[in-house]
Amino acid sequence: MLDCFSATKKISKKMDEKLSLKENIQLQSHLIYCKKCKRFEIQTKKIDEILKMPPEKILEKTSHNICLNLETQEKIINKVKNKINQ
Ligand SMILES: [Zn+2]
């Protein structure tokens, strides 16, 4: 069984690359009973959706719709910067 730390790490990994079948099963079985990680997954997905938008939309969204912690805000800002530099 996964602990919450490994589960959240896998959730973040899932956003960047595909998980193996084994990892997916481990993660899904953790998410069935762990509400905390489930919430983390939902938030991560939301952030991922936001990151696919153009930068000006991102600022609009983040200021109105969701309340993000500082770490997440920094993550978004860094991603936006990376996109601009590409
Ligand atoms: Zn958990």
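In this predicted model, His 30 sits in helix H2, the stretch covering residues 21–33. Is His 30 buried or exposed? There are 21 C-beta neighbours inside 10 Å of this histidine, and the bar for burial is 20 or more, so His 30 counts as buried. Once the neighbours within four places in sequence are set aside, the contacts of His 30 are Met 1, Leu 2, Ala 7 and Cys 37. Ser 6 belongs in the picture too: 24 residues separate Ser 6 from His 30 along the sequence, yet the two C-alpha atoms are 10.0 Å apart in space.

Two of those contact partners of His 30, Ala 7 and Cys 37, turn up again where H1 and H3 meet. Helix H1 takes in residues 4–16 and helix H3 residues 35–51; their axes come within 10 Å and cross at roughly 20 degrees. Angles under 35 degrees count as roughly parallel, so H1 runs roughly parallel to H3. As for handedness, the crossing of H1 past H3 is right-handed. On the H1 side, the residues involved are Cys 4, Ala 7, Thr 8, Ile 11, Ser 12 and Met 15, and they meet Lys 36, Cys 37, Phe 40, Glu 41, Thr 44 and Asp 48 from H3. Sorted by character, the residues of this contact come out as six nonpolar, three polar and three charged.

Then there is helix H5, residues 70–85. How does the span of H5 compare with what 1.5 Å a residue should give? The 16 residues of H5 should span 22 Å, and the end C-alpha atoms are 23 Å apart, which agrees. On burial, H5 draws a blank: zero of its 16 residues are buried, so the helix lies largely in the open. Val 80 is one of the residues in H5. This valine has 17 C-beta neighbours inside 10 Å, which falls between the cut-offs of 12 and 20, so Val 80 counts as partly exposed. Along the sequence, Val 80 is 24 residues from Glu 56, while their C-alpha atoms lie 9.9 Å apart in space.

Zooming out to the whole chain, there are five helices and zero strands, and the pattern along the sequence reads α-α-α-α-α. Of the 86 residues, 8% count as buried, and His 30 is among the buried ones. What share of contacts between residues at least 6 apart in sequence joins residues at least 24 apart? The figure is 54%.

Definitions and conventions. Residues numbered from 1 in each chain as written. Predicted model: local features only at pLDDT ≥ 70, side-chain atom pairs only at ≥ 80, totals over all residues. Axes fitted to C-alpha atoms, helices over the stretch in contact; angles between N-to-C directions. Helix = DSSP H or I, 4+ residues; strand = E, 2+ residues; numbered from the N terminus. Parallel < 35°, antiparallel > 145°, perpendicular 65-115°, else oblique. Left-handed = near helix turned anticlockwise from the far one by under 90°. Contact = placed C-beta atoms within 7 Å. Nonpolar A, V, L, I, M, F, W, Y, C, P; charged D, E, K, R; others polar. Expected span 1.5 Å × (residues − 1).
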